[in-house]
Amino acid sequence: MEFAKVALAATLLAATTAAPALAKNGVERVPTAIDWAAAKIAAKRSLARDPEAVEKFVAVTNGKLRTVELPVLIFGSDAKMETPQFANQNSAYVAFYTLEGAQVSILGSHTVLTGTEDLTGHHQAVAYESIGSGADYNLNRYGAHYTIRLTCDNPIKDVRCRKPEFLNSVVQTLLVVNGAAQ
């Protein structure tokens, strides 16, 4: 079971960084500018607000935060979740939380895909979006892009995956942790 969780986290991380710099269809991964001054202020406030969650997370990442090129978001103690598993690939990261009957991950990236008319959006994304096996909550902060993904073992019966209240409540606990440029 533990191997499966680590494999899922690695897959989620790879999905955020796997695109080549320039694909043959003209799609390009472009880094965004990070507002490190605002992120640094937010990280100080997060440490003051919930030092236990921040310090515990920093300790378990074992120095990996020094290579993350964007501010790292984690859930605070009010979310009532264990310290997450963490993996990064410089311009992207995933923090993976296990709940009873569900998993929550925070995926962060400081790159965006740009391209030709081959990339056309057919719907307007909103902050909360049902994805069948759960839901996504998307946000931009400090020039980085984040997806909080909830995946339920039984999305039909699990109300956390059918209604936005659960994700909305855990998003309210988000904390900022220093990345490489801080």
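# A walk through the fold

Of the 182 residues in this chain, 41% count as buried. Keep in mind as you look around that this is a predicted model. The chain has five helices and 10 strands. Take the contacts with a separation of 6 or more: residues 24 or more positions apart account for 62% of them.

Let's start in the middle. The largest nonpolar core has 42 residues, and those that touch the most other members are Val-72, Phe-75, Met-81, Tyr-93, Val-104, Ile-106 and Ile-148. Strand β9 gives this core its largest share, five residues. As a bit of background, nonpolar side chains in soluble globular proteins tend to be buried together. Val-72 makes a handy place to look around from. Leave aside its neighbours within four places in sequence, and Val-72 is in contact with Phe-57, Leu-65, Phe-86, Tyr-93, Leu-175, Val-176 and Val-177.

Some of those names come back when you turn to the aromatic rings. Phe-57, Phe-86, Tyr-93 and Tyr-146 form one aromatic cluster. The count of aromatic pairs comes to four. One to zoom in on is Phe-75 with Tyr-97: the ring centres are 4.9 Å apart and the planes sit at 50 degrees. Why does that make the pair tilted? Planes under 30 degrees apart would count as stacked and those over 60 as edge-to-face, so an angle in between goes down as tilted. This pair links distant parts of the chain, with Phe-75 in strand β2 (residues 72–75) and Tyr-97 in strand β4 (residues 92–99), 22 residues apart. Phe-75 counts as buried, at 5% relative accessibility, and Tyr-97 is buried too, with a relative accessible area of 2%.

While you're on β4, have a look at Val-94, which lies in that strand. Its relative accessible area is 0%, so Val-94 is buried. Val-94 and Pro-84 are 10 residues apart along the chain, and their C-alpha atoms are separated by 9.2 Å.

Now for helix α3, residues 51–61, which brings us back to Phe-57. Its buried residues are Ala-53, Val-54, Phe-57 and Thr-61. Look down the axis of α3 and these buried residues fall within an arc of 95 degrees, so they line one face of the helix. What do they pack against? The buried residues of α3 pack against α2 (36–49), β2, β3 (85–88) and β10 (174–177). Swing round to the other side of α3 and you'll find Glu-52, Glu-55 and Ala-59 exposed. Just after the helix, Asn-62 takes a positive phi of about 50 degrees.

On to the charges. A search of the whole structure finds two salt bridges. In one of them, Asp-136 pairs with Arg-149, and the closest N and O atoms are 2.7 Å apart. The two residues come from distant parts of the chain: Asp-136 is in strand β8 (residues 134–141) and Arg-149 in strand β9 (residues 144–152), 13 residues apart. Are the two partners buried or exposed? Asp-136 counts as buried, at 7% relative accessibility. Arg-149, with a relative accessible area of 24%, is partly exposed. The cut-off for buried is under 20%, which is why a value of 24% does not qualify.

The other bridge joins the side chains of Arg-160 and Asp-158, at 2.6 Å from N to O. Asp-158 is buried, with a relative accessible area of 14%. Arg-160 has a second partner worth a look: the charged end of Arg-160 sits over the ring of Phe-166, 5.8 Å from its centre.

Asp-158 also leads us to the last stop, Cys-152 in strand β9. Which residues does Cys-152 touch? Not counting residues up to four places away in sequence, Cys-152 touches Gly-101, Ala-102, Ser-133, Asp-158 and Cys-161. Cys-152 is buried, with a relative accessible area of 5%. Its C-alpha atom and that of Gly-134 are separated by 5.6 Å, although the two residues are 18 apart along the chain.

Technical notes
Residues are numbered from 1 along each chain as its sequence is written. This is a predicted model: local features need pLDDT of at least 70, side-chain atom pairs count only at pLDDT 80 or more; totals for chains, interfaces and linings use all residues. Side-chain values use heavy atoms; hydrogens and water are left out. Rings of Phe, Tyr and Trp (its six-membered ring) pair if their centres lie within 6.5 Å; planes under 30 degrees apart count as stacked, over 60 as edge-to-face and the rest as tilted. Helices (H or I, at least four residues) and strands (E, at least two) are DSSP runs, numbered from the N terminus. Buried means under 20% relative accessible area, exposed over 50%, partly exposed in between (1.4 Å probe, protein chains only). A charge sits over a ring if NZ of Lys or CZ of Arg is within 6 Å of the ring centre and within 35 degrees of the ring normal. A salt bridge is a side-chain nitrogen of Lys or Arg within 4 Å of a carboxyl oxygen of Asp or Glu. A nonpolar core is a set of buried Ala, Val, Leu, Ile, Met, Phe, Trp, Tyr and Cys residues joined through side-chain atoms within 4.5 Å. Contact means heavy atoms within 4.5 Å. The arc is that of the directions from the helix axis to the C-beta atoms.
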